[in-house]
Amino acid sequence: MILIEAKENSPYILLDPSKHFMILKGNSFMANPSQFYSSINAWMSGYHVPDGEDFHIDITMGYYNTSSIQIFNLFLKTLHANNKEKIKLKFYIDQEEEDLQESANSLTFNTGIKPIFEFY
Amino acid sequence: MTNSSHKYLIYFEGTVDETTLVFFIKKLSENKILPNKLKSSLKFILIELITNMISHNNEDSYGSISIQKENHDYMIITTNFSTEQNFETVKSNINAIKKIKNVKEHYNDQLKNVSFDKSVNLGLIEIYNRCEGDIKVTSKKAGKQLQITFKIQLHDSN
């Protein structure tokens, strides 16, 4: 399990492979996102969703810088490539922050994942 | 600048680091007057600009960042110290983006090219898209260093 507490410029992350889910919540505009996301990237490279299971990702969107978008887009693309049709992604977006949907679209662009959007 | 209705909303001068960026984003989030769409564009632009300033500062991370209102437009002006090479790269990248018809499509094309060995520069494309191309970058010698100024204007329609 990976648990990272949120800061003002980095998200809360809870990753529990045994229960097949990951939660991200908040902003991601740190200066060095590759370092920040290194632990989940390392986990992802060796992970395969067990037969008969799906892996669920819930992302409550905050502000992402383009460096974070690149890293997380690649993360989702690779995770999907290694686990075809088993990645179920849901975005939660504040309805007063409509531009965050654009960032969410960039996160999943060309990854093969078809996300669900919920506005709150 | 001779404009009589020119007004600072936020001005910062000092060492630019991640705390500075958090400060600006918090100040904008707390603002109850600016429209949401404009606040959002200001935040996205500042995130890219300040992250870039932190990454490309030349030894000294001293700089200034301001958000100003002029008539019905909003301007972000930043100054920092960097190298002639960085300045020329930024100018050349802006000129290259100016020639692109569909900037959002270009952004997505670039995103497709990202790999674990290769990152791409999406920040400038993001800024250019948000300010609809109203971005100027200039430089001047400051002693042995080169001071680079970005001036980005957001129109009232944002």
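Read from the N terminus, chain B of this predicted model follows the element order β-α-α-β-β-α-α-α-β-β. The totals are five helices and five strands.

The overall dimensions of chain B are as follows. Its C-alpha trace extends over about 45 × 40 × 30 Å along the principal axes. The radius of gyration is 16 Å, which agrees with the value near 15 Å for a compact globule of 158 residues. Buried residues make up 29% of the 158 in chain B. Among contacts in chain B with a separation of 6 or more, 67% join residues 24 or more positions apart.

One helix pair can be described in detail. Helix 1 of chain B covers residues 18-30 and helix 2 of chain B covers residues 36-56; their axes come within 10 Å and cross at roughly 175°. Because an angle over 145 degrees counts as roughly antiparallel, helix 1 of chain B is roughly antiparallel to helix 2 of chain B. The residues that make this contact are listed by helix.

| Helix of chain B | Residues in the contact |
|---|---|
| Helix 1 | Glu18(B), Thr20(B), Leu21(B), Phe24(B), Ile25(B), Leu28(B) |
| Helix 2 | Lys39(B), Leu42(B), Lys43(B), Leu46(B), Ile47(B), Ile50(B), Thr51(B), Ile54(B) |

By type, the residues in the contact of helix 1 with helix 2 of chain B comprise nine nonpolar, two polar and three charged. The nonpolar group includes Phe24(B) of helix 1 and Leu46(B) of helix 2. Glu18(B) of helix 1 and Lys39(B) of helix 2 are among the charged residues, while Thr20(B) of helix 1 and Thr51(B) of helix 2 count as polar.

Terms used: Residues are numbered from 1 along each chain as its sequence is written. Chains are lettered from A and ligands numbered from 1 in the order in which they are written. This is a predicted model: local features need pLDDT of at least 70, side-chain atom pairs count only at pLDDT 80 or more; totals for chains, interfaces and linings use all residues. Axes are lines fitted to C-alpha atoms, for helices over the stretch in contact, and angles run from 0 to 180 degrees between N-to-C directions. Helices (H or I, at least four residues) and strands (E, at least two) are DSSP runs, numbered from the N terminus. Angles under 35 degrees count as roughly parallel, over 145 as roughly antiparallel, 65 to 115 as roughly perpendicular and the rest as oblique. Two residues are in contact if their C-beta atoms, placed from the backbone, lie within 7 Å. The radius of gyration is taken over C-alpha atoms; the globule rule is 2.2 Å times the number of residues to the power 0.38. A residue is buried if 20 or more other C-beta atoms lie within 10 Å of its own, exposed if 12 or fewer, and partly exposed in between; C-beta atoms are placed from the backbone.
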